[in-house]
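These are some notes on the model, written for someone who is reading a structure of this kind for the first time. Please keep the sequence and the 3D view open while going through the points.

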Amino acid sequence: MLSIYLIVDTETGKQYVGSAYGEDGLFGRWCCYVNSHHGHNKKMKELICYYPERYHAFQFSILQILPKTIITEDIVKIENKWKARLLSKKFGMNDN
């Protein structure tokens with residue numbers, strides 16, 4: 001499933017917006033978070049470094065399901081719109 005997702009740190013309220021696409025879609029992205037506890041995201045890695053058990057406070061939600069025919073460039077544009085709406089760069093865990 002191609003989608004835009006949201007991870008919220010329920011202890012601080014900080015948000016991370018991401019997109020899931022490629023061969024494994026959302027399931028593959030979720031597995032990455034489960035296995036690494038941070039999904040290889042810079043700010044999440046830093047947080048987990050200081051608070052190793054913090055990933056237990058992460059809440060995962062789907063913001064938008066995307067059509068299978070959408071191109072990667074458009075997925076990134078939609079993801080960036082969600083980041084702007086939710087201010088996840090300014091106040092959250094997105095750094096790009």
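1. Helix α3, residues 72-86, is a good place to begin: this helix has 15 residues, and the 21 Å from its first C-alpha to its last is close to the 21 Å expected at 1.5 Å a residue. Please bear in mind throughout that this is a predicted model.

2. Which residues of α3 are buried? They are Ile 75, Glu 79, Trp 82 and Lys 83, and because they cover an arc of only 100 degrees around the axis, they lie on the same side of α3. The cover over these buried residues includes β1, β2 and β3, the last of these being residues 58-66. On the other side of α3, the exposed residues are Glu 73, Lys 81, Ala 84 and Arg 85. A general rule helps in reading such a pattern: an α-helix has 3.6 residues a turn, so residues three or four places apart point the same way.

3. Two further details belong to this helix and its end. Arg 85 lies over the face of Trp 82, at 4.6 Å from the ring centre. After α3 comes Leu 87, which has a positive phi, near 55 degrees.

4. Helix α1 can be read in the same manner. Its 12 residues should span 16 Å at 1.5 Å a residue, and its end C-alpha atoms are 17 Å apart, which agrees. The buried residues of α1 are Gly 25, Leu 26, Arg 29, Cys 32, Tyr 33 and Ser 36; seen down the axis they fall within an arc of 120 degrees, so they line one face of the helix. Phe 27 and Asn 35, on the other side of α1, are exposed. Among the elements that cover the buried residues of α1 are β1, β2, α2 and β3.

5. The loop between α1 and α2 deserves a careful look at its backbone. His 37 comes just after α1 and takes a positive phi of about 75 degrees, although His 37 is not a glycine. Is His 37 in a helix or in a loop? His 37 is placed in the loop between α1 and α2, and its relative accessible area of 27% makes it partly exposed. His 40 is in the loop between α1 and α2 as well, and its phi, near 70 degrees, is again a positive value in a residue other than glycine. With a relative accessible area of 52%, His 40 is exposed, because the cut-off for that word is over 50%.

6. In helix α2, the buried residues are Met 44, Leu 47 and Ile 48. They cover an arc of only 95 degrees around the axis, and therefore sit on the same side of α2. The face turned away from this buried side carries the exposed residues Lys 42, Cys 49 and Tyr 50, while the cover over the buried residues includes β1, β2, α1 and β3.

7. Lys 43 is also in helix α2, and is partly exposed, with a relative accessible area of 31%. What does Lys 43 touch, not counting residues up to four places away in sequence? The contacts are Lys 89, Gly 92, Met 93, Asn 94 and Asp 95. Lys 43 and Gly 92 are 49 residues apart in sequence, yet their C-alpha atoms are 9.0 Å apart in space.

8. The largest nonpolar core has 11 residues in all, namely Tyr 5, Ile 7, Tyr 16, Ala 20, Leu 26, Tyr 33, Met 44, Leu 47, Ile 48, Phe 58 and Met 93. Two or more residues each are given to this core by β1 (2-9), β2 (15-20), α1 (25-36) and α2 (42-50), and α2 supplies the largest share, three residues. There is also a second, separate core of nine residues, which includes Val 8, Val 17, Leu 66 and Ile 75. In soluble globular proteins, nonpolar side chains tend to be buried together.

9. Finally, the aromatic rings may be traced through the model. The number of aromatic pairs comes to five, and ring pairs link Tyr 5, Tyr 16, Trp 30, Tyr 33 and Phe 60 into a cluster. Tyr 5 touches residues that include Tyr 16, Leu 26, Arg 29, Tyr 33 and Phe 60. Elsewhere, Arg 54 lies over the face of Tyr 51, at 5.1 Å from the ring centre.

Technical notes
Residues are numbered from 1 along each chain as its sequence is written. This is a predicted model: local features need pLDDT of at least 70, side-chain atom pairs count only at pLDDT 80 or more; totals for chains, interfaces and linings use all residues. Side-chain values use heavy atoms; hydrogens and water are left out. Rings of Phe, Tyr and Trp (its six-membered ring) pair if their centres lie within 6.5 Å; planes under 30 degrees apart count as stacked, over 60 as edge-to-face and the rest as tilted. A charge sits over a ring if NZ of Lys or CZ of Arg is within 6 Å of the ring centre and within 35 degrees of the ring normal. A nonpolar core is a set of buried Ala, Val, Leu, Ile, Met, Phe, Trp, Tyr and Cys residues joined through side-chain atoms within 4.5 Å. Buried means under 20% relative accessible area, exposed over 50%, partly exposed in between (1.4 Å probe, protein chains only). Helices (H or I, at least four residues) and strands (E, at least two) are DSSP runs, numbered from the N terminus. Contact means heavy atoms within 4.5 Å. The expected span of a helix is 1.5 Å times one less than its number of residues. The arc is that of the directions from the helix axis to the C-beta atoms.
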